[in-house]
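Trainee: May I request a close look at a single part of this structure, the surface and what lies beneath it? Please include the terms as they are needed.

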Amino acid sequence: MKHLQLQIGKKQVLYPSIFLIWLFNISAVIGISLGYMEWFTSKTPLNMLLTFSLFLLVFRLDSMKKMLLFSLFFIGGMFVEWLGVSYGLLFGDYHYGRHFGPKFEGVPWLIGINWAILTFVTGAIASGLVPRFWPKVVLGAFLMVFLDFFMEVSASVFDFWHWEEAVAPLQNYIAWFGVAFLFHWILQRFREQGNTTFAYHLYAAQLFFFVYFFFWNG
């Protein structure tokens, strides 16, 4: 009975969270398409904080190991972005715009959180699709780069980040895959999992948003 109550409780949290994820992304697509780009893009920190809150609520960092891994990916994400913003290393020469909230030496704090969330989410998806260790690592890293590919077209339009050469260089995607590969190797070594259903929806909603504007802005 206790197990059944726990499962019901999880579903009561899961489905409203999925609804909110899609609501925010679809509303942004409609609003930006109707000409309210500045209003919606300026709410990016709010959207990312909501996503983070729902991630904590549903995906659950309910062990010291998960919390340490999340912290590691957050710090690692901030570090590689700092190298890029400050020295043009790894990804190329770029800088962040106005719409990601407060920054640490040019790197938005929310970007570090996004690295950690995306690693856990794509790791859960990869674990649900393939059984073996190395295919999970490769697929998880690929999913992260795949999303970034579509993000790049709209990034400067939405004042998220700007490349010195106007477009993302090839080294950006190579570096993304390399960093993501390392993060997923660590994640899969510790065999930490989360809510796969939530992971699919969060990834799909973000992919829908950026694929739509990939063709809209492209």
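Mentor: A patch joins residues that have over 30% relative accessible area and no salt bridge, like charges within 9 Å and nonpolar side chains (Val, Leu, Ile, Met, Phe, Trp, Tyr) within 5 Å; areas are Shrake-Rupley values with a 1.4 Å probe, only the protein chains shown counting as cover, and a salt bridge sets a Lys or Arg side-chain nitrogen within 4 Å of an Asp or Glu carboxyl oxygen. The model is predicted, with local features needing pLDDT of at least 70 and side-chain atom pairs 80 or more, while totals for chains, interfaces and linings use all residues. Numbering starts from 1 along each chain as its sequence is written, and side-chain values use heavy atoms, without hydrogens or water.

I26, I30, L34, Y36, W39 and F208 form a nonpolar surface patch of about 650 Å². F208 belongs to helix α8, residues 196-217 (helices are DSSP runs of H or I, at least four residues, numbered from the N terminus). F208 can count towards the patch because its relative accessible area is 35%, which makes F208 partly exposed (between buried, under 20%, and exposed, over 50%).

The largest cavity (on a 1 Å grid, points where a 1.4 Å probe fits but cannot get out; lining residues have an atom within 4 Å of a point) is lined by N114, I117, L118, V121, L202 and Q206. Helices α5 (109-129) and α8 each give two or more residues to this lining, with α5 providing the largest share, four residues.

Technical notes: Buried means under 20% relative accessible area, exposed over 50%, partly exposed in between (1.4 Å probe, protein chains only). On a 1 Å grid over the protein atoms alone, a cavity is a set of points where a 1.4 Å probe fits but cannot get out, and a pocket is an open set with protein on both sides within 12 Å along at least five of seven lines; lining residues have an atom within 4 Å of a point.
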